[in-house]
Amino acid sequence: MIEWVYLLLAVSFMGFNSFIVKKLVKTLKPNVVMLYQFALAAPLVLVYTLVSGDFVFEPSLLLIGVTYFLSLTFFYIALSKGSLTRAGPVWSLSLLVTAVLGFIFLLEPINLKIILGLLFGVLSVFLLRGDN
Amino acid sequence: MDWFTYVLMAVLLQGTLVFAIKPLTGIFNPVLLLFMQYLGGLISVVIYVLVKKFNLSIKKRELKLSLVSGFLVSTGLTFYYMAIKLLPISIASPVQSVGIILMQSFFGFVFLKEKLTKKVVMGIVCSILCIILLTI
């Protein structure tokens, strides 16, 4: 049960955030918004880490951040060369990439209900993001 | 390179990143992983904006909104990383993506008075079906 509460809170916070970001990128470059976001997020999450459990500095984990930065930057470049109407729906496929990797490498259960759920998910993101 | 190549690289990186987090949550504190993500991201973005010589000046209101955004996204991701430790990634990832898009549409409709077109209504129906199928 608690995992669904976490997910609901995550969606609520991030959904509201995307609304704010949409306003910000009208006047600022996305990477500048990212800089200010990360400048607050890094120390804040450090506090969350210290409160929630053990802190182990493992430098190789910084690659997660580099990958995160690269994926967002590539998406912003795609937006500058194309448009959100075209790049947005393709971006929505990332949820499918994660799920397929989960099925293949983590042997997570797969059935018709999950496949249909994923298809409706991709379709909904395609339909809702296309016009923005 | 054209826009499609860039967005394809972004999709593969993003999809693989979220997938890679799942097994790592079994070894490390999920919130520590998020901290390392932000630290690595911060170092990368600082280098990028300095090399590209972006104008970093920002109005007071924009700074406030950026900081609020930083709080929301980092706190939201903290909850998300705690959730993916406990849920299959093939369920948590789509539910999170669809939920965010659904909220965007809701905020757009309520606060920005965006039109509720047939396409948007179909999108909302699909997203509700997705969440029902994946969570029940």
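Here are some short exercises on a predicted two-chain model, each with a worked solution.

Residues are numbered from 1 along each chain as its sequence is written, while chains are lettered from A and ligands numbered from 1 in the order in which they are written. Because the model is predicted, local features need pLDDT of at least 70 and side-chain atom pairs count only at pLDDT 80 or more, whereas totals for chains, interfaces and linings use all residues.

**Exercise 1. Find out how confident the predictor is in each chain and in the model.**

Step one: get the scale straight. pLDDT is the predictor's confidence in each residue, from 0 to 100.

Step two: take chain B. Its mean pLDDT is 86, with 100% of the residues at 70 or more. Among its elements, H2(B) has the highest mean, 92, and H4(B) the lowest, 81.

Step three: turn to chain A. Here the average is 84, and 92% of the residues score at least 70. Confidence bottoms out in helix H4 (residues 84–91) of chain A, with a mean of 68, and peaks in helix H2 (residues 30–52) of chain A, at 89.

Step four: check the scores for the model. They are ipTM 0.81 and pTM 0.82.

**Exercise 2. Describe the make-up of each chain.**

Step one: list the elements. Helices are DSSP runs of H or I with at least four residues, strands are runs of E with at least two, and both are numbered from the N terminus. Chain A has six helices and zero strands; chain B has five helices and zero strands.

Step two: look at the dimensions. Along the principal axes, the C-alpha atoms of chain A fill a box of roughly 40 × 40 × 30 Å, and those of chain B one of roughly 45 × 45 × 35 Å. For chain B the radius of gyration is 18 Å, where a compact globule of 136 residues would have one near 14 Å. (That radius is taken over C-alpha atoms, and the globule rule is 2.2 Å times the number of residues to the power 0.38.)

Step three: ask how much is covered. A residue is buried if 20 or more other C-beta atoms lie within 10 Å of its own, exposed if 12 or fewer, and partly exposed in between, with C-beta atoms placed from the backbone. By that count, 42% of the 132 residues of chain A are buried, and for the 136 residues of chain B the figure is 51%.

**Exercise 3. Work out which parts of chain B touch chain A.**

Step one: count the residues. Two residues are in contact if their C-beta atoms, placed from the backbone, lie within 7 Å. The contact takes 89 residues from chain A and 89 residues from chain B.

Step two: pick out the main contributor. On the chain B side, H3(B) gives the most, with 21 residues.

Step three: sort that side by residue type. It divides into 61 nonpolar, 24 polar and four charged residues. (Ala, Val, Leu, Ile, Met, Phe, Trp, Tyr, Cys and Pro count as nonpolar, Asp, Glu, Lys and Arg as charged, and the others, Gly among them, as polar.)

Step four: try one residue on the other chain. Leaving aside neighbours within four places in sequence, Ala78(A) is in contact with Ala87(A), Trp3(B), Tyr6(B), Val7(B) and Ala10(B).

Step five: place Ala78(A) in the core. A nonpolar core is a set of buried Ala, Val, Leu, Ile, Met, Phe, Trp, Tyr and Cys residues joined through C-beta atoms within 7 Å. The largest one has 82 residues, and Ala78(A) is among those with the most contacts inside it, as are Ala10(A) and Tyr38(B).

**Exercise 4. Test H2(B) against the span expected of a helix.**

Step one: set the rule. The expected span is 1.5 Å times one less than the number of residues.

Step two: apply it. H2(B) has 22 residues and should span 32 Å; its end C-alpha atoms are 32 Å apart, so the two agree.

Step three: look just past the end. There, Lys53(B) takes a positive phi of about 55°.

**Exercise 5. Is Leu63(B) buried or partly exposed?**

Step one: locate Leu63(B). This residue sits in helix H3 of chain B.

Step two: count its surroundings. Leu63(B) is partly exposed, because 13 other C-beta atoms lie within 10 Å.

Step three: name its contacts. Apart from neighbours within four places in sequence, Leu63(B) is in contact with Tyr36(A) and Ile58(B).
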